[in-house]
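Please look over the sequence and the model shown here, and then follow the report below, which deals with strands and with aromatic rings.

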Amino acid sequence: MNTVVAGRCTLSATALLADYARDRTVAFAPHATLELIERPVITPVPGAAYFAHGLLCWQARFVPVIDLHTLLRAHADTALRPPRYALVLAWQRAAGAPLEHGAIGLAAPPHRLEVRADLAACPLPNDSDLWPLIANSCLRDGERVIPIIDTARLFDSDHG
Amino acid sequence: MDRNTMTPPAPRRGNFVLLRADALWLLLPQQEVGAVEYLEAPPDGSQAKPGLFMQQRTEGPRQLAALSSRMTLLDAFPADRTLVTALRGTPIAWCWSEIKVLIDVSVQPRSMPRVLRTPAAPVQEFVEHDDGLAFICDAQALCTYAVDHGAMTP
């Protein structure tokens, strides 16, 4: 979002923050976030990737739902519990290509962050080898490190 | 066009059988599914190995199996699995909650989204079915996956 103030242009932007685990947050571009579904009905997929919740029927199509925390830890719990929320995200294979969709499971609704000038870019966390594969960049907000997720790289890859 | 792969899977026409185990719906070619029997009484609980229940019959004993919604064997036999079929090439009698035979129908497969796929998955495609979906599967892949993944509590 660009804001014009008294004849001068002040650039500001917002990001949508999602807590994928306790004290762990990622950001998405608002235009990539489409809908938050409470208590989603998800069909498990036999033999799917270890971080998969399954398939969600959304707007007459089936979209994959994944658990970001399990993906980043690179190992599965014995059985993933159904998430309280599913955040539907959009992505494109290339500029001009049709929109495609995926979702992540969340325990709490996402919230907005105004990306202020005092938020500094910082290196990606080093707690998972996958960060460089799914995140474009990273912000620091006080003590909080917030990777910014590239939804195309998140959903159009074989992470298994 | 399939939204997940950009490759439109070809429609398939023929005779199919829909098999339900809990919330799991599977779609198999009819020629892979044997005649349906009604299970008069659940197996007595003795298991050849976890998830494979022995049934004594006049024709001789056989192994029964019941799948979970994740296509793994259940170690407790569910009361609603009253329909039994053989599946071609498998040594087990499989128990289902519901069976539907579809004669001369065209189905439109959809590819599994790339992020969910694994090389060992027994299902790579699905079809829309009523308000949900059914996974396209073949009997051998079903049996191999279920037996390899052992038994679990419902």
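How many aromatic pairs are there over all chains? In this predicted model, the count comes to four aromatic pairs over all chains. One of them joins A:Tyr50 and A:Phe51, whose rings are 4.9 Å apart from centre to centre with 85° between the planes, an edge-to-face arrangement. Another is formed by B:Phe53 and B:Phe77, which is also edge-to-face because the planes stand at 85°, with the ring centres 5.4 Å apart. Since B:Phe53 lies in strand β5 of chain B and B:Phe77 in the loop between β7 (73–74) and β8 (83–86) of chain B, this pair ties together parts that are 24 residues apart in sequence.

The table lists how accessible these four residues are.

| Residue | Relative accessible area | Class |
|---|---|---|
| A:Tyr50 | 26% | partly exposed |
| A:Phe51 | 0% | buried |
| B:Phe53 | 3% | buried |
| B:Phe77 | 18% | buried |

Strand β5 (residues 52–55) of chain B also leads to the sheets, for it pairs with β4(B) in the antiparallel sense over two bridges, and there B:Lys49 stands opposite B:Leu52 in β5(B). Both strands belong to an open sheet of six strands with mixed pairing, in the order β3-β8-β9-β6-β5-β4 (chain B), where the edge strands β3 (37–38) and β4 (47–49) of chain B each pair on one side only.

A further open sheet of six strands, again with mixed pairing, has the order β10-β1-β2-β13-β12-β11 (chain B), and its edge strands are β10 (98–107) and β11 (110–111) of chain B. Here β11(B) and strand β12 (residues 125–129) of chain B pair in the antiparallel sense over two bridges, with B:Arg110 opposite B:Phe126 in β12(B).

Terms used
Residues are numbered from 1 along each chain as its sequence is written. Chains are lettered from A and ligands numbered from 1 in the order in which they are written. This is a predicted model: local features need pLDDT of at least 70, side-chain atom pairs count only at pLDDT 80 or more; totals for chains, interfaces and linings use all residues. Side-chain values use heavy atoms; hydrogens and water are left out. Two strands pair if DSSP finds at least two bridges between them. Helices (H or I, at least four residues) and strands (E, at least two) are DSSP runs, numbered from the N terminus. Rings of Phe, Tyr and Trp (its six-membered ring) pair if their centres lie within 6.5 Å; planes under 30 degrees apart count as stacked, over 60 as edge-to-face and the rest as tilted. Buried means under 20% relative accessible area, exposed over 50%, partly exposed in between (1.4 Å probe, protein chains only).
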